[in-house]
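Here is a short report for a first look at a structure. It starts with one spot on the surface and then widens to the whole chain.

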Amino acid sequence: MSASAYALTGFISWALALLIVMEVIRSYLVISGQVPANGFTPDNGALSPFMRRLARAHANCIEGLPIFGGLLGVAIIISKTDVTDPLASTMLGARIVQSVIHLVSTSQLAVSLRFTAFAVQIVIGAYWCWLLLI
């Protein structure tokens, strides 16, 4: 399997892992009687700050998947993984770093670092677009 295929699978796996963590915590809250089964909003707005950050980190992954995952998928489909392979693990790493920082803190430094991780993804994505289109 190419580095691009591993990164795409990793991106999907990371989004799934965040979803699993969120649903395990939500299930606990329902089973323990702390929140009714119909008491959740997509953004976890009525829950703890961590749960709100978790929902947002997961949403960030889902929002980025069509763009960054799509580029990886296109490269795989058209057999141009030579374009995406060199930076595929960097892209995945930047996504994971962005999510972890989002989960840990909302301080000014954390937000700046989180944006930096996102900016890395944007630059890589734009570079891939260019190379895949020429």
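## A nonpolar surface patch

L16, L19, I20 and V24 form a nonpolar patch on the surface, and together they have about 340 Å² of accessible area. Patch members have over 30% relative accessible area and no salt bridge; nonpolar side chains (Val, Leu, Ile, Met, Phe, Trp, Tyr) are joined within 5 Å, like charges within 9 Å. A salt bridge is a side-chain nitrogen of Lys or Arg within 4 Å of a carboxyl oxygen of Asp or Glu. Accessible areas come from the Shrake-Rupley method with a 1.4 Å probe; for residues, only the protein chains shown count as cover.

This is a predicted model: local features need pLDDT of at least 70, side-chain atom pairs count only at pLDDT 80 or more, and totals for chains, interfaces and linings use all residues. Residues are numbered from 1 along each chain as its sequence is written, and side-chain values use heavy atoms, leaving out hydrogens and water.

L16 sits in helix α1, residues 3–31. L16 is partly exposed, at 46% relative accessible area (buried is under 20%, exposed over 50%, partly exposed in between, with a 1.4 Å probe and protein chains only).

## The whole chain

The chain has four helices and zero strands (DSSP runs: H or I of at least four residues for helices, E of at least two for strands, numbered from the N terminus).

| Property of the chain | Value |
|---|---|
| C-alpha box along the principal axes | roughly 55 × 30 × 20 Å |
| Buried residues | 38% of the 134 residues |
| Exposed area | about 7,400 Å² |

Carbon and sulfur atoms supply 72% of the area that the chain exposes.
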